[in-house]
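Dear colleague,

Please find below the structure I am handing over to you, with its sequence. My notes on it follow directly after.

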Amino acid sequence: MPRVRVNGVSLYYEVTGHGPPLVLAHGFACGLRMWDFQVRALARSWRVVIYDVRGHGISEAPADPAAYSQPIFVADLRALLERLAIRRAAVGGLSMGGNIALNFALAHPGMVTALVVADTGAGSDETADWVATVHAFAHALERDGLEAFADAALANPLFARYVAQGPAAERFIRSCLMTHRARGLAHTAREVLAKRPTIYSLAPRLRELSVPTLLIVGEYDEPCVKVHRFMADTIPGARHVLIPGIGHLTNLEAPDAFNRAVTQFLREAARRPTRVTKRRPRSDAARPARRRQPG
């Protein structure tokens, strides 16, 4: 079972395929299995590395809340790459994982050949409501346990649109949610999701980001659509893809569209210089996003 010791914890990881390295960070409470559809498609051309973030899956979940923070998650990713002898890689993530990937690229741009940020930025708007929600998640985990948390998560708009696809989707995402330790998720909710900087606060650094960047968001991902437009307008040369008719879990709700966008982007990024000049963001959206209340 592949594990690596980094920053005082044991992380579980998997490597599939051959070619240039591509590292993917998962969303909160999802674990590395959320990337199964991407690994099958992308490992034909890339060496795909997926891992359970600390506190998730079968990676270690420290009991001390101080062992969790956004900078620690970024440091874990860097240490993982170093232990795997990967000097430069394409780095991507969705939701919490997108935040990790983005902040990794800001902190270590020389290690990133291309950046994929999907459905990222929840809490940047209506921040007080977001903090209350993630604290409620943490309280439910500690009071009622993992199963009750999974029930609540599946009813949340971030997961509900994927669950609505049918029993197979609900079974898959529930199996992802149930692979963790309650304390790891609770500490992540309080110490990472509730305390991380908003995407808007990163604006000065985003304007200086020279890494080729792909932004993917679902049309109905209410907490993230506006944030993604902001990133598209701020990151030099960022490509913005809005996938119609789906919500927060774009890689699961529309895996073929997600994989096509990532494949095309990575192939084009490999053919151009690392540094890009500032230009009007390119949009591959099929149509503008419509505002819709989650539910």
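Which residues are linked with E14 in a network of salt bridges? The network consists of E14, R33 and D36. Please bear in mind throughout that this is a predicted model.

Salt bridges

The count of salt bridges comes to 13. One of them joins the side chains of E60 and R5, with N and O 2.9 Å apart. This pair connects distant parts of the chain, since E60 belongs to the loop between β4 (47–51) and α2 while R5 belongs to strand β1 (residues 3–6), and 55 residues separate them. E60 is partly exposed, at a relative accessible area of 29%, and R5 is likewise partly exposed, at 48%.

A second salt bridge is formed by K195 and E191, whose closest N and O atoms are 2.6 Å apart. K195 is exposed, with a relative accessibility of 57%.

D233 and R229 form a further salt bridge, in which the closest N and O atoms are 3.5 Å apart. Both residues lie in helix α10 (residues 225–234), four residues apart, or about one turn of the helix. An α-helix has 3.6 residues a turn, so residues three or four places apart point the same way. D233 is partly exposed, with a relative accessible area of 47%, and R229 is partly exposed at 33%.

Strands β5, β6 and β7

Strand β6 (112–118) is mostly covered, with six of its seven residues buried. β6 runs parallel to strand β5 (residues 89–94), to which six bridges join it. Within this pairing, A90 stands opposite A114 of β6. Between β5 and β6 the chain passes through helix α3 (residues 96–107), and the resulting β-α-β crossover is right-handed. β6 also pairs with strand β7 (residues 213–218), again in the parallel sense, over four bridges. Here the bridge partner of L115 is T213 in β7.

Helix α8

Helix α8 (residues 182–193) comprises twelve residues and spans 15 Å from its first C-alpha to its last, close to the 16 Å expected at 1.5 Å a residue. Its buried residues include G184, L185, A186 and H187, as well as V192 and L193. Against which helices do the buried residues of α8 pack? They pack against α2 (70–83), α3, α4 and α5 (146–155).

Aromatic pairs

A search of the whole structure gives five aromatic pairs. Among them is the pair of F28 and F149, which is edge-to-face, at 6.1 Å centre to centre and with 75 degrees between the planes. F28 lies in the loop between β3 and α1 and F149 in helix α5, so that this pair links parts of the chain 121 residues apart. F28 is buried at a relative accessible area of 10%, and F149 is buried at 1%.

W35 and F258 form another aromatic pair, which is tilted, with the centres 6.3 Å apart and the planes at 45 degrees. W35 is in the loop between β3 and α1 and F258 is in helix α12 (residues 255–270), so the pair ties together parts that are 223 residues apart in sequence. Both W35 and F258 are buried. In addition, ring pairs link F28, F137 and F149 into a cluster.

F258 also appears among the contacts of Q38, a residue of helix α1. Q38 is buried, with a relative accessible area of 0%. Apart from neighbours within four places in sequence, Q38 is in contact with L24, A43, N251, P255, F258 and N259.

Backbone

Two residues deserve a note for their phi values. Most residues other than glycine have a negative phi. A29, however, has a positive phi of about 70 degrees although it is not a glycine. A29 is found in the loop between β3 (21–25) and α1 (36–42). Is A29 buried or exposed? A29 is buried, at a relative accessible area of 0%.

E126 is also a residue other than glycine with a positive phi, near 50 degrees. Its place is in the loop between β6 and α4 (127–144). E126 counts as exposed, with a relative accessibility of 64%.

With kind regards

Terms used: Residues numbered from 1 in each chain as written. Predicted model: local features only at pLDDT ≥ 70, side-chain atom pairs only at ≥ 80, totals over all residues. Heavy atoms only, no water. Helix = DSSP H or I, 4+ residues; strand = E, 2+ residues; numbered from the N terminus. Buried < 20%, exposed > 50% of the residue type's maximum accessible area, 1.4 Å probe, protein only. Pairing = 2+ DSSP bridges. Right-handed = clockwise from strand over helix to strand, strands pointing away. Expected span 1.5 Å × (residues − 1). Contact = heavy atoms within 4.5 Å. Phe/Tyr/Trp six-rings, centres within 6.5 Å; stacked < 30°, edge-to-face > 60°. Salt bridge = Lys/Arg side-chain N within 4 Å of Asp/Glu carboxyl O.
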